[in-house]
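Me: I have a structure to go through with you. Can we take it step by step, with short answers?

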Amino acid sequence: MKQERIDQAEEYSKALQGKSVEKRLLLAYKKYGKKLGMTTGLGYSGMVLMHHIYKLGLDMDLYFIDTGFHFKETLDLLEEVKDRWKLNIVNLENDMDLKEYISKTLGNTPWKHNPNLCCHYCKISPLIKILSKKDAWISAIRRDQTYDRSSIDYVELDGRGTLRIYPMADWDKKKTWKYIKENDIPYNPLHDKGYMSIGCEPCTAPTSAMEDERDGRWKSSPKFDCGIHMHKPVK
Ligand code: SF4
């Protein structure tokens, strides 16, 4: 069964090659309808993908994982998008018990003591609760973001066996910003201050022009991903 799903994902990925983002989204929506979901951290690529969803009028659920550690600018942008595009963005929050447990076990600065556990409690655990609600998940990740993402296909089965669709896999930073400027897309003002990938405030720093855009995440630690995008295909 697993091999069958991998083969289906590869075949589906080939069908999305050479298509526009609009066409990829429409094909995904035609196939999965309301069983198609998206998680977003409101990064600039995500804003472009959400603008496409808005333009196409796709009735689907989007999820923002509210860790409780986001920048004010990110939370302001969330409200602006909800108001402007009327998208159904669900705030996924951790339950209070877990927050109390984190604070008791890892202290008030959990990202310093054990960032993996902190991400697990604040991001992965709420995510896992909703993954099974949908048959496929779209994401705005791109091949040019990091070496780790440089070989992603348009459709993959991730390490959890979740079907992932990446309609912007072949877009690059320049093309993405061009779209933002030409279409007057709102974006996080922190991008203009050198923050190219924006996550929780304690774990996000600006990057220089020489760095990958995700190099500002967990800058002083070997950690490079929170575990949401387990984009390595299951083999
Ligand atoms: S990014 Fe940092 S603050 Fe946010 S959940 Fe992960 S370790 Fe905790």
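Me: How many residues surround the ligand?
Reply: This is a predicted model. Among the residues around the ligand, the closest are Trp111, Cys118, Cys119, Cys200 and Cys203. Helix H6 (110-113) and helix H7 (115-131) are the elements that give two or more residues to this shell. The full count around the ligand is 14 residues.

Me: Which element gives the most to the shell around the ligand?
Reply: Two helices give two or more residues to the shell, H6 and H7. One of them gives 5 residues, the most of any element, and that is H7.

Me: How many residues of the shell are nonpolar, by class?
Reply: Sort the shell by class. The charged class has 1 residue and the polar class has 2. The nonpolar count is 11.

Me: What is the strand order in the open sheet?
Reply: The sheet has 6 strands, and their pairing is mixed. The twist averages 30 degrees from one strand to the next. The order is E3-E2-E1-E4-E6-E5.

Me: Which strands stand at the edges, and why is one side of each left without a neighbour in the sheet?
Reply: Look at the two ends of the order E3-E2-E1-E4-E6-E5. A strand at the edge has a single partner strand, so one of its sides has no neighbour in the sheet. The edge strands are E3 (88-93) and E5 (155-157).

Me: In which sense do E1 and E4 pair, parallel or antiparallel?
Reply: Strands of a sheet pair through backbone hydrogen bonds, in one sense or the other. E1 covers residues 36-39 and E4 covers residues 136-138, with 3 bridges between them. Met38 stands opposite Ile138 in E4. The sense of the E1 and E4 pair is parallel.

Me: Which strands does H7 lie across?
Reply: H7, the helix that gives 5 residues to the ligand shell, also packs on strands. Its direction runs at about 155 degrees to E2 (61-66). The strands it lies across are E1, E2 and E3.

Me: Is H3 oblique or perpendicular to H8?
Reply: Two packed helices are described by the angle and the distance between their axes. H3 (residues 44-56) and H8 (residues 173-182) pack at about 55 degrees, with axes 10 Å apart. That angle makes H3 oblique to H8.

Me: What is the handedness of the H3 and H8 crossing, left-handed or right-handed?
Reply: The contact includes Tyr44 and Met47 of H3, and Trp177 and Ile180 of H8. By class, it has 6 nonpolar, 2 polar and no charged residues. The crossing of H3 and H8 is left-handed.

Definitions and conventions:
Residues are numbered from 1 along each chain as its sequence is written. This is a predicted model: local features need pLDDT of at least 70, side-chain atom pairs count only at pLDDT 80 or more; totals for chains, interfaces and linings use all residues. A residue is near a molecule or strand if its C-beta atom, placed from the backbone, lies within 6 Å of it. Helices (H or I, at least four residues) and strands (E, at least two) are DSSP runs, numbered from the N terminus. Ala, Val, Leu, Ile, Met, Phe, Trp, Tyr, Cys and Pro count as nonpolar, Asp, Glu, Lys and Arg as charged, and the others, Gly among them, as polar. Two strands pair if DSSP finds at least two bridges between them. Axes are lines fitted to C-alpha atoms, for helices over the stretch in contact, and angles run from 0 to 180 degrees between N-to-C directions. Two residues are in contact if their C-beta atoms, placed from the backbone, lie within 7 Å. Angles under 35 degrees count as roughly parallel, over 145 as roughly antiparallel, 65 to 115 as roughly perpendicular and the rest as oblique. A crossing is left-handed if the near helix is turned anticlockwise from the far one by less than a right angle, and right-handed if clockwise.
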